[in-house]
Amino acid sequence: NNQHNKTTPLRGVFSRSHNFRTMLVKNPFKPESGSRRFLSSTKARRLSLCIIIAVAIGAVGLLFIDNKQGKNYLKTSTSIQKKNNDNIILASSSGTTDIQHRPSKQAGDAVGSNSNKEDDRDGEELQLSAAADKFEMTDTMKASPSNNGNPTPTDMSMEIEQKSRAYPIWIDKQRAVNSNSRPYGWCVSEDLASNDESPKGLLFVKVHKCSSSTGAGVTLRIQDGLSKRLNQPNQNQTADAHGTCFANYDHATARELRFEKRDHSQSFLWSIVREPAQRTLSHYFYFDVSRRNDTATEDSILSVLKFPTHPRPWHPQHNYQSKYLDLPSQNEQSSSSTERIINGYDFLGVSERMEESLVVLAMLAQIPLTDVVIFSSKVAGGYGYALGKESCVKLEKKWTTPKIDEYILGDYQKANKDDYLLYNAAQRSLDKTIDALGRHRVEENVKLLRSLQQQNDEQCASKVTMPCPEPDDAEKKRDHIRLVKESCYFSDIGCGHACTDEVLADYGEKEWASITTSSYGQG
């Protein structure tokens, strides 16, 4: 044996000596002795056969497990893409599971449609690409043991459901605390609003490229209309019962405006959110391409999406909307920005669902629909007024490529998960609020809003003086500037409001009378 060990090494499990008739194995019971024992050829074959069978069974088992996981993934990827349970559509892309919200099927054609004129959404009919309107699961969503440790659609939608809510009618919420609350307690004078540590009034957080000009115009329409109505004496009110309602519509973050300290009984706080990728693209095409005349290329667009850091404070950043709207809290570590925003605002509109959002805003604030009828400020392909430059600029339409869409669908969503969570929670909150108000009522009001908007467009379009385009002649330009100041509340916001008031006066008075005689109008 010693001679054999020196000259003939073992190969596999058989020794070349003994003509493969014997098997040489180490004695497991006496490892210190180094002794060896010989097995008969029959036993050796049986043992080797058992080993081969065991290895084969193990290999088949591993293949079965791997194949089962693959089938589960394919099954999830296929079935989830086809699933639409009224509010969400789930899809799988690049190995991750995404979620997007759609208007409820029960809403019909009226609810969920988009206005043909959207200011900061570049005036385009909203046709979001697959890369733009998906939502990737956040890290806080838990995996399900029943799905091999992978997150299920239920896991993913659960966080959206938990962080969303139905917004209450403002006066209902106040009367739950104080039965003597006034219906329009948020209509306070500018002196009272500005001389207090707790912000008051009609407060709009104007987020860049989130239909912010539309939102600001609506805010000023509400301020103007309510101030006039509340200062008209009637059997329940005196002329000095209210001053002019104070309104905020500046481009500033909620933190800068200290809105976390607002007086909830004397303020109405609202804003508008937008699909994050579309907002970032509009931001780039407006500020850099249209205003600064930069040339848009695939590389420049990808650079903005990947590295959105810039010394200009209005330049895109990751999770831009969440940071802009967030309300500071002493327990920020125990709550997400989405929770603080959804619970801290009286209403969040959705840019892609502007008609529904404006109708719901009017119903929550208890104001006539005529107060949310305005003209569009900016239309892509046309001209827009560039505040700061005090001039008109050609608004370039945004575009993408398959490579850009692929990036948005993957890494961009991961980097902006807070914004996607906020956007989808706002979508779900809008649906919940519509259900709470009565879906049929909201549908009817959406149809009515369209009718009022059409009347306004047909009768006032030729009478409105918009800032852009400007005439070339110097004398005509001076007259044009004067007419613009008369036509608009501010810059290019709320233009044509006087004509709108005149055209819709009869309906506005009837609606106001109906509101003030309801239980919400008596305070």
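A residue is called buried when its relative accessible area is under 20%. The views below show a predicted model.

**View 1. Helix 11 and its surroundings.** Helix 11 covers residues 354-365, and 12 of its 12 residues are buried, so this helix is largely enclosed by the rest of the structure. The buried residues include Met354, Glu355, Glu356 and Ser357 at the beginning of the list, and Met363, Leu364 and Ala365 at its end. They pack against helix 4 (170-177), helix 6 (212-230), helix 13 (417-437) and helix 14 (439-460), and also against strand 7 (267-273) and strand 8 (347-350). At 1.5 Å a residue, the 12 residues of helix 11 should span 16 Å, and the end C-alpha atoms are indeed 16 Å apart, which agrees. Just after the helix, Gln366 takes a positive phi of about 60 degrees.

**View 2. The disulfide between Cys392 and Cys468**. A disulfide is a covalent bond between the sulfur atoms of two cysteines. The whole structure contains four disulfides. In the one shown here, the sulfur atoms of Cys392 and Cys468 are 2.0 Å apart. Cys392 lies in strand 10 (residues 391-394) and Cys468 in the loop between helix 14 and helix 15 (474-487), so the pair ties together parts that are 76 residues apart in sequence. The torsion about the S-S bond is about -100 degrees, so this disulfide is left-handed. Both Cys392 and Cys468 are buried.

**View 3. The disulfide between Cys460 and Cys499**. The sulfur atoms of Cys460 and Cys499 are 2.0 Å apart. This pair links distant parts of the chain, with Cys460 in helix 14 and Cys499 in helix 16 (residues 497-503), 39 residues apart. A torsion of about -90 degrees about the S-S bond makes the disulfide left-handed. Cys460 counts as buried at 0% relative accessibility, and Cys499 counts as buried at 12%.

**View 4. The disulfide between Cys488 and Cys495**. Here the two sulfur atoms are 1.9 Å apart. The torsion about the S-S bond of Cys488 and Cys495 is about 100 degrees, so the disulfide is right-handed. Cys488 is buried, with a relative accessible area of 6%, and Cys495 is buried at 4%. When the bonded cysteines of the protein chain are numbered in sequence order, the pairing is 1-2, 3-5, 4-8, 6-7.

**View 5. Aromatic pairs that involve strand 7**. The whole structure holds 11 aromatic pairs. One of them is the tilted pair of Trp186 and Phe268, at 6.0 Å centre to centre with 55 degrees between the planes. Trp186 lies in the loop between helix 4 and helix 5 (190-194) and Phe268 in strand 7, 82 residues apart. Both residues of this pair, Trp186 and Phe268, are buried. Phe204 and Trp270 form a tilted pair as well, at 4.7 Å centre to centre with 45 degrees between the planes. Because Phe204 lies in strand 5 (residues 201-205) and Trp270 in strand 7, this pair ties together parts that are 66 residues apart in sequence. Phe204 is buried at 1% relative accessibility, and Trp270 is buried with a relative accessible area of 1%.

**View 6. An aromatic cluster and charges over rings**. Tyr184, Trp186, Phe268 and Trp512 form one aromatic cluster. The charged end of Arg229 sits over the ring of Trp512, 5.5 Å from its centre. Lys209 lies over the face of Tyr286, at 4.1 Å from the ring centre.

Technical notes
Residues are numbered from 1 along each chain as its sequence is written. This is a predicted model: local features need pLDDT of at least 70, side-chain atom pairs count only at pLDDT 80 or more; totals for chains, interfaces and linings use all residues. Side-chain values use heavy atoms; hydrogens and water are left out. Helices (H or I, at least four residues) and strands (E, at least two) are DSSP runs, numbered from the N terminus. The expected span of a helix is 1.5 Å times one less than its number of residues. Buried means under 20% relative accessible area, exposed over 50%, partly exposed in between (1.4 Å probe, protein chains only). Contact means heavy atoms within 4.5 Å. A disulfide is a pair of cysteine sulfur atoms within 2.5 Å. Rings of Phe, Tyr and Trp (its six-membered ring) pair if their centres lie within 6.5 Å; planes under 30 degrees apart count as stacked, over 60 as edge-to-face and the rest as tilted. A charge sits over a ring if NZ of Lys or CZ of Arg is within 6 Å of the ring centre and within 35 degrees of the ring normal.
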